[in-house]
Amino acid sequence: MECVVPGCAGSGGPHPVVRVARPPVGWYDVFMGVLSTEDAIKLAVWLDSTGMITIRREKTGYYRPEVALTTTTNLNLARKLQKIAGAGRIKKRAHSRSNPKHKDQQLLMLSQEEVRELLPQMQPYLMMKATQARLLMETLEIRESLWGNGYIKDDPFVIAQRRALHYRWKRVRELNAQGRRGRDIPAEEIESSDPNPGSDEGTN
């Protein structure tokens, strides 16, 4: 394993990312989707404007990245984007029935395998959700670095990686809540914005 952020080997760095080879073949079903530049731009525009990039923290402490290419109320639009992407499943999310004018949302959700292949192709064209996309991809890398040893709770490497997962989950939540728009936020700015870096500990 090669650490690309100073401090992940125990020297005190705040939020390590470790790039490692993917888990053995068969650990997940590999989705291979190659987008044309035109299609990548189209999907990036819809993801920026009507989509969703988030990380869910489950009760077990598992961090689950989620990407919806669109959260539109237009089912035909969701189907068209699904055809362009060659991926995703449409999930209906019902609105409150207290207002009859509200329509159900049609979420075009990507599996984590689809996210791994498609989101990097859209990232160069994202504007409003560029930072969330980067943090989500880093989350996937960190989770893969814990494959097979994520439950060795007293290992310094595992502890550092859990903190890194928790940190990215928190930052994505903050960015989505604040509605950051218009530019990617440098890693240095994210680090300096945390009043107590490395203090949060989560699980993989």
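## Contacts and overall composition

A contact is a pair with heavy atoms within 4.5 Å. In this predicted model, residues 24 or more positions apart account for 64% of the protein chain's contacts with a separation of 6 or more.

The protein chain has 204 residues, and buried residues make up 45% of them. Its accessible surface comes to about 11,100 Å², with 52% of that area belonging to carbon and sulfur atoms.

## Order of helices and strands

Six helices and six strands are found in the protein chain. Along the sequence, these elements follow the pattern β-β-α-β-β-α-β-β-α-α-α-α.

## The four-stranded sheet

An open sheet is formed by four strands, arranged in the order β3-β4-β6-β5 with antiparallel pairing. The edges are held by β3 (52–57) and β5 (89–93); each has a single partner strand, so one side of each is left without a neighbour in the sheet. On average, and with direction ignored, neighbouring strands of this sheet are turned by 40 degrees against each other.

The edge strand β5 runs antiparallel to β6 (residues 105–110), and five bridges join the two. In one of these pairings, Arg89 has Met109 in β6 as its bridge partner.

## Helices against the sheet

Helix α4 (residues 130–145) packs on the sheet, where it touches β3 and β4 (63–68). The direction of α4 makes about 140 degrees with that of β4.

Helix α5 (residues 156–178) also involves these strands: α5 lies across β3 and β4. Relative to β3, helix α5 runs at about 135 degrees.

Methods. Residues are numbered from 1 along each chain as its sequence is written. This is a predicted model: local features need pLDDT of at least 70, side-chain atom pairs count only at pLDDT 80 or more; totals for chains, interfaces and linings use all residues. Side-chain values use heavy atoms; hydrogens and water are left out. Buried means under 20% relative accessible area, exposed over 50%, partly exposed in between (1.4 Å probe, protein chains only). Accessible areas come from the Shrake-Rupley method with a 1.4 Å probe; for residues, only the protein chains shown count as cover. Two strands pair if DSSP finds at least two bridges between them. Axes are lines fitted to C-alpha atoms, for helices over the stretch in contact, and angles run from 0 to 180 degrees between N-to-C directions.
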